[in-house]
Amino acid sequence: MILRFYAFLFGAVLIFSGCTSGDVTEFETDDSSTILSDTEVLDETMDETTDYDEEPDETTDILEEIDEGFEFPDDTEEPDEQEEVFPCTDIGCKGFPDIVFSNMDNGITTNINSFIYLGSADGYSPENRIELPTIGAMGVDFADVNGSGYIDIVFASVKERKEGESDENRHTVSYLYYGTPDGFDLENRVEFPTVGGSDVKLVDLDKDGWIDVIITNRYSGSGMMGDGYKINSYIYWGSENGFDINNRLELPTVGVAKARVADLNGNGINDIVFVNGVQEFVGVFESYIYWGTENSKNGWSVENRTTLPSVSPETVTIDDINDNGYYDIFISGWLCLTRCNLKNRIYWGGPQGFDPQNVTELPTFNASGLKIIGEYKH
Ligand SMILES: [Ca+2]
Ligand SMILES: [Ca+2]
Ligand SMILES: [Ca+2]
Ligand SMILES: [Ca+2]
């Protein structure tokens with residue numbers, strides 16, 4: 001196994017790999033905005049599937065312009081069919097973790113490629129990467145959604161600005177690419193309609209055996225006074241026939257940053273946490289827990305929702321931090337102008353669920369990332 005340590009910074013990702021003598025590898029990304037919106041390291045587990053075509057005008061252009069780079073580069077050793085181990089835990093079943101960057105903007109347009117640096121015995125390099133067309137990619141997640149044994153990947157599109165134009169459109173599509181032994185299938189991607197998609201989570205939400213796609217819609221671009229943030233997030237349902245983009249579940253969110261799924265109350269039904277909150281003009285200071293009521297596509301609604309105070313959240317971690325048998329929710333915020341005491345909070349879970357009074361506040365500076373290291377051992 002490869003020992004690795006990676007740190008997330010705005011604009012840079014560093015990887016220390018046991019296979020590369022501890023050297024630091026620096027990655028190029030095509031994003032002059034310095035916003036590395038999300039990064040995923042593909043290795044261990046795949047836990048999460050898609051179908052549709054409503055092609056934006058430039059989609060075809062992208063495919064025509066780029067006729068290479070979507071398969072494994074020539075200097076990459078082709079996977080040996082005899083040595084493939086299913087299900088794959090990395091792209092192409094090569095046995096090395098791969099690193100994905102969602103590229104949002106190059107200063108000219110948002111319709112650019114996102115990068116996947118392929119792991120190898122020699123580490124990582126720009127010469128050994130896959131590029132996939134994306135539109136203002138922000139969130140990214142992966143799973144084997146169609147049960148092919150190969151990892152598939154979804155990029156959430158937060159906005160689109162075409163070359164030569166100044167207007168930004170938030171009503172775009174987020175792409176799912178299916179994995180193949182030779183890279184990713186560009187011809188049969190799924191295009192999910194989304195609205196300022198900040199994050200994507202691939203998980204079998206309704207436990208029917210098929211991975212579902214949760215996309216958090218953060219901002220519609222229709223003004224700063226509230227309505228632009230008070231929009232629905234989308235859940236597209238996986239099935240043996242792929243995805244029906246006209247049959248989705250919509251749940252209200254407000255300036256949502258991330259979605260996480262866990263069975264918080266241990267009733268065998270998944271619950272969804274959307275970390276919300278927009279202070280300027282909107283004045284919403286709460287995140288949502290949608291409690292699952294049944295394992296069906298109608299199992300989540302505003303009638304079964306709990307709110308937790310939060311302000312301008314950027315990310316969230318769900319874990320049993322204090323090892324008392326109940327999940328805890330750690331919400332991390334960044335820029336706050338008012339009610340900054342809500343910025344970084346651990347909401348402690350208990351037998352009665354979550355009590356907004358049962359909370360620990362942790363000061364930070366505009367925190368944008370969050371990880372919990374280690375386990376409780378007492
Ligand atoms: Ca697959
Ligand atoms: Ca499902
Ligand atoms: Ca539950
Ligand atoms: Ca706990």
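Which residues of β13 are buried on one side, and which on the other? Select β13 (212–217) and keep that question in mind; the tour returns to it.

**Before you start**

This is a predicted model, in which local features need pLDDT of at least 70, side-chain atom pairs count only at pLDDT 80 or more, and totals for chains, interfaces and linings use all residues. Residues are numbered from 1 along each chain as its sequence is written, while chains are lettered from A and ligands numbered from 1 in the order in which they are written.

**Whole chain**

Colour by pLDDT, the predictor's confidence in each residue, from 0 to 100. The mean for the protein chain is 80, and 74% of its residues reach 70 or more. Now select residues 1–22. Here pLDDT stays under 50, and the model has 40 contacts beyond four places in sequence for this stretch. A contact means that two C-beta atoms, placed from the backbone, lie within 7 Å. Move on to residues 31–38. Their pLDDT is also below 50, with 27 contacts beyond near neighbours in sequence. Where pLDDT is low, the predicted coordinates should not be read in detail.

Switch to a cartoon. The protein chain has one helix and 23 strands. Helices (H or I, at least four residues) and strands (E, at least two) are DSSP runs, numbered from the N terminus. Of the 378 residues, 44% count as buried. Buried means that 20 or more other C-beta atoms lie within 10 Å of the residue's own; exposed means 12 or fewer, and partly exposed lies in between, with C-beta atoms placed from the backbone.

**Stop 1: β13 and its partners**

Go back to β13. Six of its six residues are buried. On one side are Asp 212, Ile 214 and Thr 216; on the other are Val 213, Ile 215 and Asn 217. Both faces are therefore covered. In a regular strand the side chains alternate between the two faces of the sheet.

Add β12 (197–203). β12 and β13 pair antiparallel over six bridges. Two strands count as paired if DSSP finds at least two bridges between them. Pick Gly 197: its bridge partner in β13 is Asn 217.

Now add β14 (residues 230–236). Three bridges join β13 to β14, again antiparallel. Ile 215 stands opposite Tyr 234 in β14.

Look next at the loop between β12 and β13, and select Lys 207 there. Its phi is near 55°, a positive value in a residue other than glycine. Lys 207 has 16 C-beta neighbours inside 10 Å, so it counts as partly exposed.

**Stop 2: β6 and β7**

Select β7 (residues 129–135). Six of its seven residues are buried, so the strand is largely enclosed by the rest of the structure. Add β6 (residues 111–117). Seven bridges join β6 to β7, and the two run antiparallel. Label Ile 116: it stands opposite Ile 130 in β7.

**Stop 3: the β8–β11 sheet**

Show β8 to β11. They form an open sheet of four strands in the order β8-β9-β10-β11, with antiparallel pairing. β8 (137–143) and β11 (183–195) are the edge strands, each pairing on one side only. Neighbouring strands are turned by 20° against each other on average, direction ignored. Those angles come from axes fitted as lines to C-alpha atoms (for helices over the stretch in contact), and run from 0 to 180 degrees between N-to-C directions.

Zoom in on β8 and β9 (residues 152–157). Five bridges join them. Val 140 stands opposite Phe 155 in β9.

Then follow the loop between β9 and β10 (171–180) to Lys 162. With 18 C-beta neighbours inside 10 Å, Lys 162 is partly exposed. Draw a C-alpha to C-alpha distance to Asn 111: the two are 51 residues apart in sequence and 6.7 Å apart in space.

**Stop 4: Cys 93**

Select Cys 93, in the loop between α1 (57–65) and β5 (98–101). Its phi is near 60°, positive in a residue other than glycine. Cys 93 counts as buried because it has 20 C-beta neighbours inside 10 Å.

**Stop 5: the β20–β23 sheet**

Finish with β20 to β23. This open sheet of four strands has the order β20-β21-β22-β23 and antiparallel pairing. Its edge strands, β20 (313–319) and β23 (353–361), each pair on one side only. The twist averages 25° from one strand to the next. Four bridges join β21 (residues 328–333) to β22 (residues 344–350). Pick Ile 331: its bridge partner in β22 is Arg 345.
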